[in-house]
Amino acid sequence: MIPSSLLTALRSARRLVVFTGAGVSAESGIPTFRDALTGLWQRFDPAALATPEAFRRDPALVWGWYEWRRMKVLQAQPNPAHHAIAELARHVAEFTLITQNVDDLHERAGSDAVIHLHGSLQQPCCFACARSSTTPLAVPNEPEDGRRVEPPRCTHCGGRLRPGVVWFGESLPATALNAAFDAARRCDLLISVGTSGVVYPAAEVPHLAWTSGAVVVHINPQAAARQAEREFVLRGPAGEELPELLRQAFGRALGARG
Ligand code: OAD
């Protein structure tokens, strides 16, 4: 049941921010990080795979793991949550999509100018000179998790390429973070989808919107109960809750034309 006060707030919002985490891609078959049993960090040790030290120690192990993840994303399709978010953008004057995800499922669902706070699996850079690689990555040939793959070399300095994602202990890209904080401060309504909200500074985004006076909505099957005024919780999978929110607020079913 979607509260009518939330529908009213969404219909009258001029500046809307959607902030997503791994849960928005879960129904596309991309594993989250912290879900019990299925989360990546339940099966893999982040210290061995997602830090600069891990890459220095064993670049082929780290590159191979990210190639496995890149292949899973290439095989996946955007789900109704990604499509509903792209559609929501058409109903407001100003729309900002901020994601912690390193996949490209939002873009493939039709969203543009997506702010990627944690980088992208598709955009490697050089571990030595930090330049972005301009050579398109090949389609990985069925790497398995745990298989070593030697990283390609930088065409500029010959250093090893690394995945273009933010690792533990690294700073977020400043331009993306500033744009995200700015949009959060200015919005009327923020929808936070599929995130555990434990990784900072990204997790500050919904707090910042709320303390700046916005309505904040959490969509997550495991969401905690509503804790404050101007806060709403839609407890369910994003692929069901977001299309329903779109339908009830704007009378639009996904895929409808005109
Ligand atoms: P988490 O794995 O921490 O949280 C995923 C959230 O999605 C959980 O709260 C789930 O309950 C929820 N969820 C699962 N299925 C869902 C569904 N169908 N619909 C909606 N929600 C669902 O992922 P993040 O919060 O994105 O960092 O993790 C934040 C960061 O931690 C990631 O960006 C990554 C990781 O280490 C980097 O890679 C730098």
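In the predicted model, proline 201 is found in the loop that runs between strand 6 and helix 9 (204–211). The peptide bond joining tyrosine 200 and proline 201 is cis, with omega at about 10°. A second backbone feature concerns alanine 113, a residue other than glycine whose phi is positive, near 50°. Alanine 113 also belongs to a loop, in this case the one between helix 7 (105–108) and strand 3.

Strands 3 and 6, which border these two loops, are both members of an open sheet of six strands. The order across the sheet is 3-2-1-6-7-8, and the pairing is parallel. Strand 3 (115–116) and strand 8 (231–234) form the edges, each pairing on one side only. In general, strands of a sheet pair through backbone hydrogen bonds, in either a parallel or an antiparallel manner. Within this sheet, strand 6 (residues 189–193) runs parallel to strand 7 (residues 215–219), and the two are joined by five bridges. Across this pair, isoleucine 191 stands opposite valine 217 of strand 7.

The ligand is surrounded by 23 residues. The closest of these are Phe33, Arg34, Thr195, Ser196 and Asn220. Divided by class, the surrounding shell holds 10 nonpolar residues, 10 polar residues and three charged residues. Several polar contacts involve oxygen atoms of the ligand. For phenylalanine 33, a backbone N or O atom lies 2.7 Å from a ligand oxygen atom. For threonine 195, the partner is an N or O atom of the side chain, at 2.7 Å from an oxygen atom of the ligand. Alanine 22 contributes a polar backbone atom, which is 2.8 Å from an oxygen atom of the ligand. The ligand taken alone exposes 800 Å², of which the protein buries 92%.

Empty space within the protein was examined separately. As a general point, rolling a probe the size of a water molecule over the atoms shows where such space is left. A search of the whole structure returned one cavity of 30 Å³ or more. The volume of the largest cavity is about 50 Å³. Its lining consists of Trp63, Tyr66, Glu67, Arg70, Leu121, Pro124, Leu137 and Pro163. Two elements, helix 5 (59–75) and strand 4 (119–126), give two or more residues each to this lining. Helix 5 supplies the largest share, with four residues. By class, the lining of the largest cavity comprises six nonpolar and two charged residues, with no polar residue. The shell of the ligand, in contrast, includes 10 polar residues.

Methods: Residues are numbered from 1 along each chain as its sequence is written. This is a predicted model: local features need pLDDT of at least 70, side-chain atom pairs count only at pLDDT 80 or more; totals for chains, interfaces and linings use all residues. Side-chain values use heavy atoms; hydrogens and water are left out. On a 1 Å grid over the protein atoms alone, a cavity is a set of points where a 1.4 Å probe fits but cannot get out, and a pocket is an open set with protein on both sides within 12 Å along at least five of seven lines; lining residues have an atom within 4 Å of a point. Grid points are joined across faces, edges and corners, and a volume is the space filled by probe spheres set on the points. Ala, Val, Leu, Ile, Met, Phe, Trp, Tyr, Cys and Pro count as nonpolar, Asp, Glu, Lys and Arg as charged, and the others, Gly among them, as polar. A residue is near a molecule or strand if one of its heavy atoms lies within 4 Å of it. A polar contact is a pair of N or O atoms within 3.5 Å; within protein, one must be able to donate a hydrogen and the other to accept it, and residues adjacent in sequence count only if both atoms are side-chain atoms. Accessible areas come from the Shrake-Rupley method with a 1.4 Å probe; for residues, only the protein chains shown count as cover. Two strands pair if DSSP finds at least two bridges between them.
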